Each structure stands twice: as C-alpha cells, then as structure tokens.
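Here's a quick briefing to read with the model open next to you. It goes through the helices, the ligand shell and a few backbone oddities.

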Amino acid sequence: MNTTATLTGLVTLLSTLAVLAGPVDTSKLPAPSARKDVTYAKDIKPLLDKTCIKCHGTEKQKGKLRLDSLAGILKGGEDGKVVKPADSAGSILVQNVARLGDKDNWMPPEDKGGPLTAEQIGLIRAWIDQGAK
Ligand code: HEC
C-alpha cells in the first residue's frame, strides 16, 4: 500500500470514529445562571482559583492552558480556544467541567477533585453567554 492510500484510509477511519463518538449532548448541561453582569474578575476567577488554578496557573499549565487571567482563558490551550464568547454550550471549558463527553477531558480530572456544582457551571455559562468579559 502506498503512503497516500494509507493516509486516506487513516483519515476515513478517524472520521468514522469521530462520527461514532458523536457530538457531546449539550442538552444535559445545567442551565445558565440568571445573574446579570457576571464578570471574570468578580465572579469567575474566585471560582477557578479554588478548583483549577493549581494545574492551570503559575505553577503548572496543564494542556498549555492558563485560567488565572482573562487573557489566558480567552487564549485557550493546546487544542485551541476553550471559551466561545456568547456560546457557553459550545465552549469546551463548559463541556469539560460538566463532564460531558470523553472522561479524559473531564475537569478537574475525576481522580483529582469533585465535579463543579450545577450552580457553578451555570455561573460560568452565564459569564460566557454575556460575552466573557
Ligand atoms: C489536577 C490537575 C488539574 C486540575 C485541578 C484541572 N485541570 Fe484542566 N487539565 C488538566 C490536564 C492534565 C489537562 C490536559 C488533558 C489532556 O491533554 O488530555 C487539562 C486540560 C484542560 C482543558 C483543555 C485544554 C486544551 O486546550 O486541550 C480545559 C478546558 C481545562 N483543563 C479546564 C479546567 C478547568 C475549568 C478546571 C477547574 C474546574 C481544571 N481544568 C482543573 C489538569 C487539571
């Protein structure tokens, strides 16, 4: 088999696997909080400081992602953007903390801390839906 055929086969296999894995079911996400004027500095940073910063701050940058500044969180990690302003359901960060999809992506990792509460996830969603300011 030549290289092109091998690569074509591989691409086909990978896209089949992606289809089988399916998109994450975002209907299972906790609803966004009704709070107004949610900001990173006031509402989100304190939450992330407690639950995420030890792996995504000055000491460690797991997944090349820093969550200790607004610029860092908007920049994203090794897989690109993790927050899509105005689209919380489509934001990888939200899907990861809500523990949708592949277990490898759950945050904090399953053996490293309990899941965020529905209220905390709702607050993050409201912040993103309000433009991630
Ligand atoms: C104990 C360490 C640890 C904690 C705590 C932790 N993470 Fe992570 N995080 C990781 C590791 C390791 C990866 C890389 C996973 C991978 O590449 O498969 C990662 C990757 C991510 C990614 C994907 C980055 C990318 O571009 O691929 C997001 C988003 C994320 N974490 C968000 C969070 C959030 C939000 C919190 C807090 C609620 C959190 N993490 C807490 C270890 C941690």
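A residue counts as exposed if 12 or fewer other C-beta atoms lie within 10 Å of its own, as buried if 20 or more do, and as partly exposed in between. Keep in mind that this is a predicted model. With that cut-off in hand, K42, P46 and K50 of α2 come out as exposed, while Y40, I44 and L48 of the same helix are buried.

**Helix α2 and its two sides**

- The buried residues of α2 are Y40, I44 and L48. Looking down the helix axis, you'll find these buried residues within an arc of 45°, so they line one face of α2.
- Flip to the other side of α2 and you get the exposed set, K42, P46 and K50.
- What do the buried residues of α2 pack against? They pack against α3 and α5.

**D43, a residue to click on**

- D43 sits in helix α2. Is D43 buried, exposed or partly exposed? It has 16 other C-beta atoms within 10 Å, so it is partly exposed.
- Leaving out residues up to four places away in sequence, D43 touches V38, L123 and W127. Two of those names come up again in α5, where L123 and W127 are among the buried residues.
- D43 and Q120 are 77 residues apart in sequence, yet their C-alpha atoms are 9.8 Å apart in space.

**Helix α5**

- α5 has twelve residues and reaches 16 Å from its first C-alpha to its last, close to the 16 Å expected at 1.5 Å a residue.
- Its buried residues are I121, G122, L123, I124, R125, A126, W127 and I128. Note that R125 is on that buried list.
- Which helices help to cover the buried residues of α5? The cover includes α2 and α4.
- After α5 comes G131, with a positive phi near 110°.

**Around the ligand**

- The shell around the ligand holds 26 residues, and C52, C55, K62, G63 and G77 come nearest.
- By type, the shell residues split into 13 nonpolar, seven polar and six charged.
- Helices α2 (40–51) and α4 (92–97) each supply at least two residues of the shell. Which helix gives the most? That would be α4, with four residues.

**Backbone oddities**

- Some background first: most residues other than glycine have a negative phi, and most peptide bonds are trans.
- K64, in the loop between α2 and α3 (70–75), has a positive phi near 55° although it isn't a glycine. There are 11 other C-beta atoms within 10 Å of K64, so this residue is exposed.
- A86 is another non-glycine residue with a positive phi, near 75°. You'll find A86 in the loop between α3 and α4. With 11 C-beta neighbours inside 10 Å, A86 counts as exposed.
- Where is the cis peptide bond at P108? P108 lies in the loop between α4 and α5 (118–129), and the cis bond joins M107 to P108, with omega about -15°.

Terms used
Residues numbered from 1 in each chain as written. Predicted model: local features only at pLDDT ≥ 70, side-chain atom pairs only at ≥ 80, totals over all residues. Near = placed C-beta within 6 Å. Nonpolar A, V, L, I, M, F, W, Y, C, P; charged D, E, K, R; others polar. Expected span 1.5 Å × (residues − 1). Contact = placed C-beta atoms within 7 Å. Arc of directions from axis to C-beta.
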